[in-house]
Amino acid sequence: MIQNIIIFRKKLSLLVSIFAMAALSGCSSGTSVDPPKLQSLRINVISSLVPLGLSASMSAIGSYSDNAEKDITNDVTWTSLNSNVVAVNKQPDGTVVAKACSKGSVAITATIDSLSSSVTIAVVDPVLQTLEINPADLL
């Protein structure tokens, strides 16, 4: 009886060791899983009409082969076809803005690897944002 218990413990110990080694090795089946690939890119912009002197925030969203989407704003290269009309600036906090410098329209492009996406931004007349009337000035 004691001999059977000793044999059982040895077999149990061996099984535990085998399972532990399998867990540590990751139980690889020999096949590798490729990471999802970036398939397309789009630009999100708050508004395609930007009043002269103001800015609009932009972001770049990547769509991957696993159907996931990811913000890749800081991974793309941003260009303006005419930075005299709209200048693209990366802010210290990582956001990207299109600054309306002069009236007109221009394409803004985000590029990563062989993918690119463009959006047209039109710079329009400035708009009145605030109006302050002091009653003392009316007398």
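1. A nonpolar core is a set of buried Ala, Val, Leu, Ile, Met, Phe, Trp, Tyr and Cys residues joined through side-chain atoms within 4.5 Å. Keep that in mind for point 3. The model here is predicted.

2. Start with the overall layout. The protein has two helices and nine strands. Along the sequence the order is α-β-β-β-β-β-β-β-β-β-α. Of its 139 residues, 24% count as buried. The accessible surface comes to about 10,000 Å². Carbon and sulfur atoms hold 57% of that surface. Now take the contacts with a separation of 6 or more: residues 24 or more positions apart account for 50% of them.

3. Next, the core. The largest nonpolar core has 22 residues. V76, W78, V86 and I108 have the most contacts inside it. Five elements give two or more residues to this core: β1 (38-45), β3, β7, β8 and β9.

4. Look at I108 in the structure. Set aside its neighbours within four places in sequence. I108 then contacts I43, M58, W78, T79, S80, V86, V88, S117, S118, V119 and I121. Two residues in that list, W78 and V86, are also among those with the most contacts inside the core.

5. Now find the hairpin. Strand β6 (residues 86-90) and strand β7 (residues 96-100) run antiparallel. Five bridges join them. A87 has K99 in β7 as its bridge partner. Five residues lie between the two strands. In this turn, G94 has a positive phi of about 95 degrees.

6. Which residues have a positive phi although they are not glycine? N67 is one, with a phi of about 70 degrees. N67 sits in the loop between β3 (55-64) and β4 (69-71). Its relative accessibility is 72%, so N67 counts as exposed. D113 is another, with a phi of about 50 degrees. D113 sits in the loop between β8 (104-112) and β9. D113 is exposed too, because its relative accessible area is 73% and the cut-off for exposed is over 50%.

7. How many salt bridges does a search of the whole structure find? It finds two. Side chains of opposite charge can pair when their charged atoms come close.

8. One salt bridge joins the side chains of R42 and E69, at 3.0 Å from N to O. R42 lies in strand β1 and E69 in strand β4, so the pair ties together parts that are 27 residues apart in sequence. R42 counts as partly exposed, because its relative accessibility is 33% and partly exposed lies between the 20% and 50% limits.

9. The other salt bridge joins the side chains of D125 and K103, at 2.9 Å from N to O. This pair links distant parts of the chain, 22 residues apart. D125 is in the loop between β9 and α2, while K103 is in the loop between β7 and β8. D125 has 44% relative accessibility, so D125 counts as partly exposed.

10. Finish at the surface. L128, L131, I133 and L138 make a nonpolar patch of about 510 Å². I133 is in the loop between β9 (115-124) and α2 (135-138). Is I133 buried or exposed? I133 is exposed, because its relative accessible area is 57%.

Definitions and conventions. Residues numbered from 1 in each chain as written. Predicted model: local features only at pLDDT ≥ 70, side-chain atom pairs only at ≥ 80, totals over all residues. Heavy atoms only, no water. Patch = residues over 30% accessible without salt bridge, like charges linked within 9 Å, V, L, I, M, F, W, Y side chains within 5 Å. Areas by Shrake-Rupley, 256 points an atom, 1.4 Å probe, with all protein chains shown as cover. Salt bridge = Lys/Arg side-chain N within 4 Å of Asp/Glu carboxyl O. Helix = DSSP H or I, 4+ residues; strand = E, 2+ residues; numbered from the N terminus. Buried < 20%, exposed > 50% of the residue type's maximum accessible area, 1.4 Å probe, protein only. Pairing = 2+ DSSP bridges. Contact = heavy atoms within 4.5 Å.
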